[in-house]
Amino acid sequence: MKQHTIGFIGAGNMAGAILNGALQSGIFKGEQICIFDVLEEKCRPFAQKGVVVCGSSIELIKKCDMVVLAVKPQIYPGVLEEIKETVTNQHVLISIAAGISTGYIQSAIGFECKVVRVMPNTPLLLGCGATALSKCACVTDSEFQIVSRLFSACGIVEILPESQMNAIIAVHGSSPAYVYRLAKAVIDGAVQQGIDSQVAAKLFIQTIKGSAMMLEQSGQTPDELIQMVASPGGTTLAALREMDETGFDESIQKAMEACTKRAEELGK
Ligand SMILES: NC(=O)C1=CN([C@@H]2O[C@H](COP(=O)(O)OP(=O)(O)OC[C@H]3O[C@@H](n4cnc5c(N)ncnc54)[C@H](O)[C@@H]3O)[C@@H](O)[C@H]2O)C=CC1
Ligand SMILES: O=C(O)[C@@H]1CCC=N1
């Protein structure tokens, strides 16, 4: 089987999470991994793990056949311009940026290069991530399998058509922030009622974990689980009624629409 080498352009949060998954799972060894960042100090922790640090994105493209584009979407035009003369039809470009489509990358590179579009999330940092993947027709099944195994090493993966890759960001890419916002609101609410913030945080974090396990393992729908909590004439119903009145569901759905709209703007 062909031995692949993987490179990361950008050594930020997501690159670090994916790279650690690659090393820990043994899918790639240190010497099969390259990294480049405009801020050299960002690469230092990876050099200590035996990863090869490159002096430019062009050097990295020459050394690797799989390349994760791990920079912010706004940086993509510059990076694609820089690497376009070096990318060949043997490279697989792995794009993790919000909103950047396969067509966008192929048009910037100048031919129908191989692209796997990926949407990960920050819990990948703990090996507990969720990733959506979409492949273009020119990527082979065995190349796609390697990319899929790479992200599986950091959590769960789902394969989606590219047409859904913008909308899915609201579901798992950006949504960790909604969960943290909910946690913050609950902890602030507890403090307003005289409870110590650390005690509230401890109890609520465990509640998030437990509720996630109930959603995953009980076989019951969110509505059935809500019913299990909400006693007739009880406290939960009083809380839920208030959430209905202030438009909680609509607020979340509007936030998701804004997320997708922004992804579409970033890809223009
Ligand atoms: N943070 C998140 O929750 C998620 C982020 N993403 C996507 O992942 C990508 C990276 O995001 P993060 O890791 O959060 O960002 P980050 O800011 O932690 O990392 C980006 C890195 O790129 C480097 N960089 C900037 N210009 C460069 C260039 N020309 N060449 C090489 N390196 C350069 C920066 O120095 C920085 O270290 C983004 O496109 C984002 O849309 C996707 C899913 C979730
Ligand atoms: O906020 C962003 O644009 C990125 C994409 C998903 C999570 N963070």
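This is a short talk on one protein chain and the two ligands modelled with it.

Hi everyone, thanks for coming. Before anything else, please keep in mind that the model is predicted.

Let's begin with the whole chain. It has 268 residues, and 40% of them count as buried. The secondary structure comes to 12 helices and 8 strands. If you follow the C-alpha trace along its principal axes, it spans about 65 × 35 × 35 Å. The chain exposes about 15100 Å², with carbon and sulfur atoms supplying 57% of that area. Now take the contacts between residues with a separation of 6 or more: 63% of them join residues 24 or more positions apart.

On to ligand 1. Which residues come nearest to it? There are 23 residues around ligand 1, and the nearest are Asn-13, Met-14, Asp-37, Val-71 and Pro-120. Three polar approaches are worth finding on your screen, each to an oxygen atom of the ligand. At Asn-13, a backbone N or O atom lies 3.0 Å from an oxygen atom of ligand 1. Ala-98 also uses its backbone, with a polar atom there 3.2 Å from a ligand 1 oxygen. With Lys-42 we turn to a side chain, where an N or O atom is 3.3 Å from an oxygen of ligand 1. How much of ligand 1 does the protein bury? Taken alone, ligand 1 exposes 830 Å², and the protein buries 82% of that.

Now for ligand 2. Around ligand 2 you will find Ala-98, Ile-169, Gly-173 and Ser-174. On its own, ligand 2 exposes 250 Å², of which the protein buries 48%. And where do the ligands sit? Ligand 1 is in the second largest pocket, and the space taken by ligand 2 is the second largest pocket too. Ala-98 is a nice residue to click on here: it is among the residues surrounding ligand 2, and its backbone has a polar atom 3.2 Å from an oxygen of ligand 1.

Next, a residue from a loop. Asn-121 is found between strand 6, residues 114-119, and strand 7, residues 129-135. Is Asn-121 buried or exposed? It counts as buried, because its relative accessibility is 7%, and the cut-off for buried is under 20%. Its side chain has a polar atom 3.1 Å from the backbone nitrogen of Ala-130. Beyond its close sequence neighbours, those within four places, Asn-121 is in contact with Met-14, Gly-129, Ala-130, His-172, Gly-173 and Pro-176. Two of those names have come up already: Met-14 is one of the residues nearest ligand 1, and Gly-173 is one of those around ligand 2.

Let's move to Cys-34, which lies in strand 2, residues 33-36. Cys-34 counts as buried, since its relative accessibility is 5%. Leaving out residues up to four places away in sequence, Cys-34 touches Ile-6, Gly-7, Phe-8, Val-51, Val-52, Cys-54, Leu-60, Lys-63 and Cys-64. How far apart in space are Cys-34 and Cys-64? They are 30 residues apart in sequence, and 7.3 Å apart from C-alpha to C-alpha.

For a residue in a helix, have a look at Ser-148. It belongs to helix 6, residues 141-152. Ser-148 counts as buried because its relative accessibility is 13%. Outside its neighbours within four places in sequence, Ser-148 is in contact with Leu-133 and Val-157.

Last one: Gln-90. This residue is in the loop between helix 4, residues 76-83, and strand 5, residues 92-95. Gln-90 is partly exposed, because its relative accessible area is 46%. Its side chain makes a polar contact of 3.4 Å with the side chain of Asn-89. Not counting residues up to four places away in sequence, Gln-90 touches Lys-2 and Asp-65. Cys-113 is 23 residues away from Gln-90 in sequence, yet the two C-alpha atoms are 8.1 Å apart in space.

That's my tour. If you open the model afterwards, a good place to start is Asn-13, with its backbone atom 3.0 Å from an oxygen of ligand 1. Thanks, everyone!

Terms used: Residues are numbered from 1 along each chain as its sequence is written. Chains are lettered from A and ligands numbered from 1 in the order in which they are written. This is a predicted model: local features need pLDDT of at least 70, side-chain atom pairs count only at pLDDT 80 or more; totals for chains, interfaces and linings use all residues. Side-chain values use heavy atoms; hydrogens and water are left out. Helices (H or I, at least four residues) and strands (E, at least two) are DSSP runs, numbered from the N terminus. Buried means under 20% relative accessible area, exposed over 50%, partly exposed in between (1.4 Å probe, protein chains only). A polar contact is a pair of N or O atoms within 3.5 Å; within protein, one must be able to donate a hydrogen and the other to accept it, and residues adjacent in sequence count only if both atoms are side-chain atoms. Contact means heavy atoms within 4.5 Å. A residue is near a molecule or strand if one of its heavy atoms lies within 4 Å of it. Accessible areas come from the Shrake-Rupley method with a 1.4 Å probe; for residues, only the protein chains shown count as cover. On a 1 Å grid over the protein atoms alone, a cavity is a set of points where a 1.4 Å probe fits but cannot get out, and a pocket is an open set with protein on both sides within 12 Å along at least five of seven lines; lining residues have an atom within 4 Å of a point. A molecule sits in a cavity or pocket if more than half of its atoms lie within 2 Å of its grid points.
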